[in-house]
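Trainee: Please take a close look at a single part of this structure for me. Start with one residue and its surroundings, and then work outwards from there.

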Amino acid sequence: MILKYEILLFDADNTVLDFDKSEEQALERAFAETGLKFNQTVLQVYRKNNIYQWQLFEQGKRSKPQVLINRFVETFKELRLPLDNAEAVGNLYEEYLKLGFFIVPHAVEVLEQLQKTCKLYIVSNGVAEIQNSRMKGSGLEKYFKARFVSEEVGYPKPQIECFDYCFKHIDSFDKSKTLIIGDSLTSDIQGGVNAGIDTCWFNPWRNDNKSKLTPTYEITDLRELLNIVK
């Protein structure tokens, strides 16, 4: 069988690992342990600030340590919570996030099939220690030949340097046979465009694409990947 793609670069969070579920559980535990009230308002305010800080990271305007603390400081300011607790909650959150082993629907069956014929890799902007813990704990680790985490690579997606590093560390790399799959237009899809490879936007929420980017493919279910690769 001649495959259209032989090298598949997967984002981790909300592509194969269910980050939203892990995030909510970790936040709730961190707030409870510090005696703070947690509800959906807290979750939404945190998510807004978290996304904004990671976007600044992608643009090279924030370091990862700055992102990790600023997202909580800004959230606590907005919710008028005592700032003295922001760092403690942030540290607890990261510890609990390591235990977030939830998997995106159909990820196991799709990865099981794809790894028989393709070389699979993780390319993530997350925190290396957390990502490594979650990949191992979820059981997904075995499907991937390597994990490229920005913290270790030295550059975040979508910067071309991140992808240059990945490409240099993939045996028999062929750009024309490579596809990146991820849920973020600004990180995964923009990164793929910058690197000159085909892109697949995983959009199970059916969000509108308000960017100027046009992914090569758009899917709402990981099982759609099987036909794309063939």
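**Asparagine 125 and its surroundings**

Mentor: Let's begin with asparagine 125, which has a relative accessible area of 9% and is therefore buried. Buried means under 20% relative accessible area, exposed means over 50%, and partly exposed lies in between, using a 1.4 Å probe and protein chains only. Before going further, please keep in mind that this is a predicted model, in which local features need pLDDT of at least 70, side-chain atom pairs count only at pLDDT 80 or more, and totals for chains, interfaces and linings use all residues. Residues are numbered from 1 along each chain as its sequence is written, and side-chain values use heavy atoms, with hydrogens and water left out.

Where does asparagine 125 sit along the chain? Its place is the loop between strand S2 (119-124) and helix H6 (128-138). Helices (H or I, at least four residues) and strands (E, at least two) are DSSP runs, numbered from the N terminus. Apart from neighbours within four places in sequence, asparagine 125 is in contact (heavy atoms within 4.5 Å) with Trp54, Phe57, Glu58, Lys64, Ser150, Pro156, Lys157 and Ser187. With one of these partners there is a polar pairing to look at: a polar atom of the asparagine 125 side chain lies 2.8 Å from the backbone nitrogen of lysine 157. In a polar contact, two N or O atoms are within 3.5 Å; within protein, one must be able to donate a hydrogen and the other to accept it, and residues adjacent in sequence count only if both atoms are side-chain atoms.

Lysine 157 is a good place to move on from, since the peptide bond between lysine 157 and proline 158 is cis, with omega about 10 degrees. Proline 158 belongs to the loop between helix H7 (150-153) and H8.

That brings us to H8 and its neighbour. A pair of packed helices is described by the angle between the two axes and the distance between them. The axes of H8 and helix H9 (residues 185-195) come within 9 Å and cross at roughly 70 degrees, which makes H8 roughly perpendicular to H9. Here the axes are lines fitted to C-alpha atoms, for helices over the stretch in contact, with angles from 0 to 180 degrees between N-to-C directions; under 35 degrees counts as roughly parallel, over 145 as roughly antiparallel, 65 to 115 as roughly perpendicular and the rest as oblique. On the H8 side the contact involves Ile160, Phe163 and Phe167, and on the H9 side Gly191, Gly192, Asn194 and Ala195. Four of the residues in this contact are nonpolar, three are polar and none is charged. In that scheme Ala, Val, Leu, Ile, Met, Phe, Trp, Tyr, Cys and Pro are nonpolar, Asp, Glu, Lys and Arg are charged, and the others, Gly among them, are polar.

Now for the rings. There are 13 aromatic pairs in the structure. One of them, tyrosine 5 with tyrosine 217, is edge-to-face, at 6.1 Å centre to centre and 90 degrees between the planes. Tyrosine 5 lies in the segment before strand S1 (7-10) and tyrosine 217 in strand S6 (residues 217-219), so the pair links parts of the chain that are 212 residues apart. Tyrosine 5 and tyrosine 217 are both buried. Back in H8, the ring centres of phenylalanine 163 and phenylalanine 167 are 6.2 Å apart and their planes are at 55 degrees, so this pair is tilted. Rings of Phe, Tyr and Trp (its six-membered ring) pair if their centres lie within 6.5 Å; planes under 30 degrees apart are stacked, over 60 edge-to-face and the rest tilted. Phenylalanine 163 and phenylalanine 167 are four residues apart in helix H8 (residues 160-168), which means about one helical turn separates them. Both phenylalanine 163 and phenylalanine 167 are buried.

Past H8, serine 172 sits in the loop between H8 and strand S4 (178-182). Serine 172 is not a glycine, yet its phi is positive, about 50 degrees. With a relative accessible area of 67%, serine 172 is exposed, whereas asparagine 125, where we started, is buried.
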